[in-house]
Every structure is written in structure tokens, then in C-alpha cells.
Amino acid sequence: MISTLLALVVALSVNAPTVTAADDVPVGRVTVDVVTANGSGCPAGTTEVAVADDNSEFILIHRSYVARVGVGADPTDIRKNCQLSLDVRVPGGFTFGIVRADYSGRINLAAGAQAWQSANYYFQGNSSTARRVHQFNGPMRDEWATTDMTDPGSVVFAPCGDHRYLNINTALRVSAGTSNPQVTSSWISMDSPDRNPNNRYRFIWKRC
């Protein structure tokens, strides 16, 4: 399973933009493990993680992350969220930050409906970063993709010599807006039935 995920990461990394690191990249093994996954968008056992062979990034795959409104939807379906606590282990002498985050999924919005994808990030014990929000307006039926970028000079790095979990909070929300939810159905998803990565996080490295 993990080897399949890594193959996907490597394939996706071929066309990924080059991000200048703060220092050279560690050659030792980097691991990322899910410590806790809470929220309606990531029920237990529905999230997988893998690290690229070149330590450039890690990816997440969600298998049950859909917000919907309208015909067949429950009132609680309009917002889905996922709060992940990740244990990132890196070779000695290095620390890391996240310089880029890419998200993707599918969307189906009736005319007048709207959807939002949002995320924020922080290390255990630190203040949360500002929440970044992307909006979509119907009518729309397509795949979607968003990117959160941080200037390398503004990246928050994990404290050297003080192991802390990386927390990532994401959410999807949909509103019927001016559409008629009695006869239409609108949704936005960040899940992956085909097991392609739908969240990817680019490391930036520096020596301690």
C-alpha cells in the first residue's frame, strides 16, 4: 500500500514547481504518521499518508470527505472538516516547515450555489496561522485545485531539538445560495476513490 502511494508521489513530483529550500535536503529517512484524525471529513481509518522518496513533500489521501446540500443531503452535511495531528520525524541536524500546500477534488454546484475550501497549519504549542479560504461559485461541474503558498522567508519552522506535532486543519463547506435545495443537489469533495493524492505538502528544510 505504502509503495503504491510513494509511486504516486514520485509521479506527481516530476511536474511539481521547484521550491528553493532554506538549506540542503536531508538524505536520511523522513517519516510522517497520523497521530490523531478528528472531524466529519476524516473518519477513523479513511486517511493515508506517505512521504516522497526525495523528502521533498508528503501526501495525504482522504476517502470520505464530501460536503453537500440539497436533495438527499443531511443538514449536517453542509460542512465537513478534518483536524490532523501529524508526527513528522526528520534526520538529526535538520528542521522543517511547510512552504506550499496543494488541494484538489471534484465539485458540482447548481447555479447560485457556493462552496469553500479552507485550511490552516501550526506546530503543537504555537499559534495557528491565518486561515486561507478559497471560494467557488455555481454553476460549476468540474475538478478543482487550490494552492496555499508561503514566502520562504516567512515560513515557521519546527523548533530545533524540541519535537512537536504538526497540526493541519482543513474544511469544506457548501451553501445552496440562491439555488433551490428542494430540487437541486450541490457538493464539493476532497476524497479520492481512485486513491490519487488530494492533499500534498511541500517541505522546506534548514539545518539546526
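Accessible areas are those given by the Shrake-Rupley method with a 1.4 Å probe, and by this reckoning the chain exposes about 9900 Å², of which carbon and sulfur atoms supply 49%. The model shown in these views is a predicted one.

**Figure 1. Overview of the chain, which holds one helix and 12 strands.** Read from the N terminus on, the elements run α-β-β-β-β-β-β-β-β-β-β-β-β, so that the order begins with the helix and continues with the strands. Of the 208 residues in the chain, 48% are buried. Among the contacts that join residues at least 6 apart in sequence, 80% are between residues at least 24 apart. The close-up views that follow take up disulfides, aromatic rings, charges over rings and two buried side chains.

**Figure 2. The disulfide formed by Cys 42 and Cys 82.** This is one of the two disulfides that a search of the whole structure finds, and the sulfur atoms of Cys 42 and Cys 82 lie 2.2 Å apart. Cys 42 is placed in the loop between strand 1 (31-38) and strand 2 (47-51), whereas Cys 82 belongs to strand 5 (residues 79-89), so the pair ties together parts of the chain that are 40 residues apart in sequence. The link of Cys 42 and Cys 82 is right-handed, with 100° about the S-S bond, and both of these cysteines are buried.

**Figure 3. The disulfide formed by Cys 160 and Cys 208.** The sulfur atoms of Cys 160 and Cys 208 are 2.2 Å apart, and with -90° about the S-S bond their link is left-handed. The pair links distant parts of the chain, for Cys 160 is found in the loop between strand 9 (140-149) and strand 10 (166-175) and Cys 208 in the segment after strand 12, 48 residues apart. Cys 160, with a relative accessible area of 42%, is partly exposed, while Cys 208, at 53%, is exposed. When the bonded cysteines of the chain are numbered in sequence order, the pairing reads 1-2, 3-4.

**Figure 4. The stacked rings of Phe 58 and Tyr 201.** The structure holds 10 aromatic pairs. In one of them, the rings of Phe 58 and Tyr 201 have their centres 5.0 Å apart and their planes at 25°, and because planes under 30 degrees apart count as stacked, the pair is described in that way. The pair links distant parts of the chain, with Phe 58 in strand 3 (residues 57-62) and Tyr 201 in strand 12 (residues 199-207), 143 residues apart. Both Phe 58 and Tyr 201 are buried.

**Figure 5. The edge-to-face rings of Phe 96 and Phe 123.** Here the rings stand 5.4 Å apart, centre to centre, with 75° between the planes. Phe 96 lies in strand 6 (residues 94-109) and Phe 123 in strand 7 (residues 114-123), so this pair ties together parts that are 27 residues apart in sequence. Phe 96 is buried, with a relative accessible area of 3%, and Phe 123, at 4%, likewise counts as buried. Phe 96 and Phe 123 are members of one aromatic cluster, which also includes Phe 58, Phe 94, Tyr 103, Tyr 121, Tyr 201, Phe 203 and Trp 205.

**Figure 6. Charged side chains over the faces of aromatic rings.** Arg 173 lies over the face of Trp 116, at 4.1 Å from the ring centre. Lys 206 is placed over the face of Phe 157, at 4.5 Å from the ring centre.

**Figure 7. The surroundings of Thr 95 in strand 6.** Thr 95 has a relative accessible area of 2%, so the residue counts as buried. A polar atom of the Thr 95 side chain lies 2.5 Å from the backbone oxygen of Ala 158. Leaving out residues up to four places away in sequence, Thr 95 touches Phe 157, Ala 158, Cys 160, Ile 204, Trp 205, Lys 206 and Cys 208.

**Figure 8. The surroundings of Ser 189 in strand 11 (residues 185-189).** Ser 189 is buried, with a relative accessible area of 1%, and its side chain makes a polar contact with the side chain of Asp 191 (3.4 Å). Apart from neighbours within four places in sequence, the residues in contact with Ser 189 are Tyr 65, Val 66, Ser 104, Gly 105, Arg 106, Trp 144 and Leu 172.

Conventions
Residues numbered from 1 in each chain as written. Predicted model: local features only at pLDDT ≥ 70, side-chain atom pairs only at ≥ 80, totals over all residues. Heavy atoms only, no water. Helix = DSSP H or I, 4+ residues; strand = E, 2+ residues; numbered from the N terminus. Buried < 20%, exposed > 50% of the residue type's maximum accessible area, 1.4 Å probe, protein only. Polar contact = N/O pair within 3.5 Å; in protein donor to acceptor, adjacent residues only side chain to side chain. Contact = heavy atoms within 4.5 Å. Phe/Tyr/Trp six-rings, centres within 6.5 Å; stacked < 30°, edge-to-face > 60°. Lys NZ or Arg CZ within 6 Å of the ring centre and 35° of its normal. Disulfide = S-S within 2.5 Å.
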